[in-house]
Amino acid sequence: MAIEQIKMPQLGESVTEGTISKWLVSVGDKVNKYDPLAEVMTDKVNAEVPSSFSGTIKELIANEGDTFAVGEIICTIEIEGGSTEEAPAAEKPAAEASTGTAAPAVSGNDGNRARYSPAVLKLAQEHNIDLTIVNGTGAGGRITRKDLQQIIQSGNIPQPSAEAPKAQAAALTEAPDKPAAPSQPAASAAEAPSVPVAAGDIEIPVTGVRKAIAANMLRSKHEAPHAWTMVEVDVTNLVEYRNGLKDDFKKKEGFNLTFFAFFVKAVAQALKEFPQVNSMWAGDKIIQKKDINLSIAVATDDALFVPVIKNADEKTIKGIGREINELAQKVRTGKLRSEDMQGGTFTVNNTGSFGSVQSMGIINYPQAAILQVESIVKRPVVMNNGMIAVRDMVNLCLSLDHRVLDGLVCGRFLARVKEILENTSKETTSIY
């Protein structure tokens, strides 16, 4: 027999960790290759983790609700064939658990054990544990997350030596088979504000998805210097055009033709003419993306997802409308796949659906900009002839990463979107 490891997969671009929402297997279950093992939540998608092997579940290292970094081991599988040399080390945690061992022993360190995962380092720092004198139970004596959880529960926490912080910091850089924790600001549990709880207050646990969203939003605001600009657009002709054909369109196509599809199409066309806006910051360079893949924000009761319309500039208004409808349905029924979330280059957010008329969006990192499409409202407008008329008006609010973009190009981009929308009518625009 041989022991194989299942690691937390990367379920989307910029995804650095995932939360085990539900195990679909138990220790001792037999699984085939590609069978689903667990449901995982990230800030971008809910997905199942498939097995890479056929065999028997040996150990579930992660508990439901635990968040693990991409590349960390979440479970082990015993498979037939292969070398048996690694089996004793892998079976050690189970053996200790059966004898009632409360926590791993404390002893001297060795080279293999000194390669810590980001999750282990985080726990050690939070609970002031000296990893250099903890005896791990993982393969080759590796210290695991479960080892530290057992130590914390036992209350027998090794006190840190003077060299412990240096050793632990060095260990993170010496772990070639483990991804480093993302370089991003994040408040630790110790830094959380102390909020008084009065009678009648309701405490709502923060889910893995909400934590991931919070971390990504915080990273975006801290790393990307946000700037903001807005234009006012007269969409009277567009409104008249869409309202005149929406009923026949619904009967013919089977889904609603929304105003949002017209806005997404206009943005895609403008991005093609101003490709600088379709870019990303990459440290020592700016990556101008060839494909125009538009992320659209879709909200549920407790989370926000950003599925992607691929090659939006090549699609008709009808095609974009159909894809918006299908992606929204996938989000709300929990059927969104990881590939539905990947490849976005620019985000369009339909804040107008909530009645908003002006807002400042947080950029969907690592993209360079996000456009908020606000609510269409009737306003009195002074026309070119000096007369006042009631027109259908909408605000378009653009947040931009000032490392990548400047006001000039963004102003021209928004002016072009405005021009396209104001010239959308039955005479000039086809939805097919």
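User: Is methionine 360 buried or exposed in this one?

Analyst: In this predicted model, methionine 360 counts as exposed because its relative accessibility is 52%. The classes are buried under 20% relative accessible area, exposed over 50% and partly exposed in between, with a 1.4 Å probe and protein chains only.

User: Where does methionine 360 lie?

Analyst: Methionine 360 lies in the loop between β16 (346-349) and β17 (369-373). Helices (H or I, at least four residues) and strands (E, at least two) are DSSP runs, numbered from the N terminus. Residues are numbered from 1 along each chain as its sequence is written.

User: Which residues form a nonpolar patch with Met360?

Analyst: Trp228 and Met230 join Met360 in that surface patch, and together they have about 280 Å² of accessible area. Areas come from the Shrake-Rupley method with a 1.4 Å probe, and for residues only the protein chains shown count as cover. Patch members have over 30% relative accessible area and no salt bridge; like charges are joined within 9 Å, nonpolar side chains (Val, Leu, Ile, Met, Phe, Trp, Tyr) within 5 Å.

User: Switching to salt bridges: how many are there?

Analyst: The count comes to 17 salt bridges, each being a side-chain nitrogen of Lys or Arg within 4 Å of a carboxyl oxygen of Asp or Glu. One of them pairs glutamate 253 with lysine 318, with the closest N and O atoms 3.5 Å apart. This pair links distant parts of the chain, 65 residues apart: glutamate 253 is in helix α6 (residues 236-253) and lysine 318 in helix α8 (residues 317-332).

User: And is glutamate 253 buried or exposed?

Analyst: Glutamate 253 counts as buried, because its relative accessibility is 14%. Lysine 318 is partly exposed, with a relative accessible area of 23%.

User: Nice. What about the salt bridge of arginine 416?

Analyst: The side chain of arginine 416 meets that of glutamate 273 at 2.8 Å, N to O. Here helix α9 (residues 407-422) holds arginine 416 and helix α7 holds glutamate 273, 143 residues apart.

User: Which residues have the most contacts inside the largest nonpolar core?

Analyst: Leu294, Phe346, Leu396 and Phe413 do, in a core of 62 residues. Helix α7 (residues 259-273) gives the largest share, ten residues. A nonpolar core is a set of buried Ala, Val, Leu, Ile, Met, Phe, Trp, Tyr and Cys residues joined through side-chain atoms within 4.5 Å.

User: Last one: what does pLDDT average over the chain?

Analyst: The average is 82, and 79% of the residues score at least 70; pLDDT is the predictor's confidence in each residue, from 0 to 100. Residues 164-190 stay under 50. Where pLDDT is low, the predicted coordinates should not be read in detail.

Methods:
This is a predicted model: local features need pLDDT of at least 70, side-chain atom pairs count only at pLDDT 80 or more; totals for chains, interfaces and linings use all residues. Side-chain values use heavy atoms; hydrogens and water are left out. Contact means heavy atoms within 4.5 Å.
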